[in-house]
Amino acid sequence: MYYFDHSATTPLHPDVVELMHNIQKYKFGNPSSTHKKGREAKLIIENSRNQIAHAIGVSSKNIIFTSGGTESNNQVLWSMLGNKKSHILSNYIEHPAVLNVLQYLKNYGIDHDLVSVDNNGLISIQELKSKIKKDTALISVMLANNEIGTIQPVEEIVKIAHGKGILVHSDAVQCLGKMHINVDKIGADFFSLSAHKFYGPKGVGILYFKNRKLLSSFIIGGSQEKNLRAGTEDTASIAGMGLAAEIAVKNLSQKVKTLVKIEKEFLNRLKAIYPKFIINGHKERKLPGVLSVSFPDFRSDFLMAKLDRENIYVSNGAACGSGDIKPSKILKALSLKDEINISTLRFSFGVTNTIDEIQYLINVLNKILNQR
């Protein structure tokens, strides 16, 4: 298997698998129970909270566990219903877990505007400033894009927003383990992460909040997670996330160098066999190992089918449905022509990928792209 789709999800780290198995087997108590088994589970959860807090540079008291980035984003946006202001700003290349929620919130009197990005996927700061209103409550901008890898100037946006009394949320689901994260330095009021993007389990994530009073419960019931997220916690998954976060930031500089090396090797070797390829997104201000590559004259569904037959797994830069390929909304926002848009693949490398695997990928691409 040749897996180059780490932005979609990552394989579980072996140590995470072992930890989760042992907890499921031996530490199965309900964290809300006061007996020994419950206290054991509660201790595991708090240890994980500390691990994640350390990984992103915040206090553990400002973190709650959720089912993932989608829920975390939803909780922040729905919390704006309790705000005196009723306007939210975001941008055209946000994840659907933000954009679709904003559209839905219009039914509840929450208005929004979207800010453009340039051809590299960077948000327009000038346009952002011009679209701020007196009743703007929140600006939601992801730290790095899931499709093109472009890193947004969130710290600059925070300074602008806070100068006007506006809150800032950042979906950073793609970032842990690929770049240094210090949320306190960035200054965001809310911050979302999802474990399965950094070699942890699916179905668990976190939401960081600077001020508990600004956040409302999204799932209502018991008093778990500081009365902000009801439901019995998944102890094993939370523990797996904590360990995955600790591993993700360990030797981070070396991991980034590895991803950069793999990316450069891929591009250099691709240039030798198909110099017509196009890179989408920012060339420098980007996540390492995340590449949106267009192959003029080749549809992405055709390329993916050919690669899949060779046990090579990548994503396309467009949403597929019912066998029809449609232009990616993110690439359209970059003003990419449709014929190039639908010829785009996303390669997202991981720290376990090797140069030999890259060469195999190149060999297969060479056969596909030069078979005419």
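Contact here means heavy atoms within 4.5 Å. With that cut-off, helix α2 lies across three strands, β2, β7 and β8. Strand β7 covers residues 190-194 and β8 covers residues 205-209. The helix runs at about 110° to β2. The model is predicted.

Start with the sheet beneath that contact. It is an open sheet of seven strands. The order is β2-β8-β7-β6-β5-β3-β4, and the pairing is mixed. The edge strands are β2, residues 63-66, and β4, residues 111-115. Each of these two pairs on one side only. Direction ignored, neighbouring strands of this sheet are turned by 20° against each other on average. Strands of a sheet pair through backbone hydrogen bonds, either parallel or antiparallel. At the β4 edge, the partner is strand β3, residues 87-91. These two strands run parallel and are joined by five bridges. One residue pair helps to locate them: Ile88 has His112 in β4 as its bridge partner.

Now return to α2, which spans residues 36-56. Besides the sheet strands, α2 has a helix partner, α9, residues 235-249. Their axes come within 8 Å and cross at roughly 30°. Angles under 35 degrees count as roughly parallel, and α2 and α9 are therefore roughly parallel to each other. The crossing of α2 past α9 is left-handed. From α2, the contact takes in Ala41, Ile44, Ile45, Ser48, Gln51, Ile52 and Ala55. From α9 come Thr235, Ile238, Ala239, Met241, Gly242, Leu243, Ala245, Glu246 and Val249. By class, the residues of this contact divide into eleven nonpolar, four polar and one charged.

Helix α2 also holds a salt bridge within its own length. Lys42 pairs with Glu46, and the closest N and O atoms are 3.6 Å apart. Both residues lie in α2, four residues apart, about one turn of the helix. Across the whole structure, a search finds 16 salt bridges.

Helix α9 leads on to another partner. This is α1, residues 14-26. The axes of α1 and α9 come within 9 Å and cross at roughly 155°. Angles over 145 degrees count as roughly antiparallel, and α1 and α9 are therefore roughly antiparallel to each other. Here the crossing is right-handed. On the α1 side, the residues are Asp15, Val16, Leu19, Met20, Ile23 and Gln24. On the α9 side, they are Thr235, Ala236, Ser237, Ala239, Gly240, Leu243, Ala244 and Ile247. This contact divides into nine nonpolar residues, four polar and one charged. Thr235 of α9 meets residues in the contact with α1, and Thr235 is also listed in the contact with α2.

Further along the chain is another sheet. It is open, has four strands and follows the order β9-β10-β15-β12, with antiparallel pairing. Strands β9 (278-280) and β12 (315-316) stand at the edges, each with a single partner strand, so one side of each is left without a neighbour in the sheet. β9 pairs with strand β10, residues 290-294, in the antiparallel sense over three bridges. Within this pair, Asn280 has Ser292 of β10 as its bridge partner. Helix α11, residues 300-309, packs on the sheet. It touches β12 and β15, the latter being residues 344-348. The direction of α11 makes about 45° with that of β15.

One more helix pair completes the tour. Helix α10, residues 252-273, packs with helix α14, residues 355-369. Their axes are 10 Å apart, and the angle is about 25°. The two helices, α10 and α14, are therefore roughly parallel to each other. α10 passes α14 in a right-handed crossing. α10 contributes Ile262, Glu265, Phe266, Arg269, Leu270 and Ile273. α14 contributes Ile355, Ile358, Gln359, Leu361, Ile362, Leu365, Asn366 and Leu369. The residues of this contact divide into ten nonpolar, two polar and two charged.

Methods. Residues are numbered from 1 along each chain as its sequence is written. This is a predicted model: local features need pLDDT of at least 70, side-chain atom pairs count only at pLDDT 80 or more; totals for chains, interfaces and linings use all residues. Side-chain values use heavy atoms; hydrogens and water are left out. Two strands pair if DSSP finds at least two bridges between them. Axes are lines fitted to C-alpha atoms, for helices over the stretch in contact, and angles run from 0 to 180 degrees between N-to-C directions. Angles under 35 degrees count as roughly parallel, over 145 as roughly antiparallel, 65 to 115 as roughly perpendicular and the rest as oblique. A crossing is left-handed if the near helix is turned anticlockwise from the far one by less than a right angle, and right-handed if clockwise. Ala, Val, Leu, Ile, Met, Phe, Trp, Tyr, Cys and Pro count as nonpolar, Asp, Glu, Lys and Arg as charged, and the others, Gly among them, as polar. A salt bridge is a side-chain nitrogen of Lys or Arg within 4 Å of a carboxyl oxygen of Asp or Glu.
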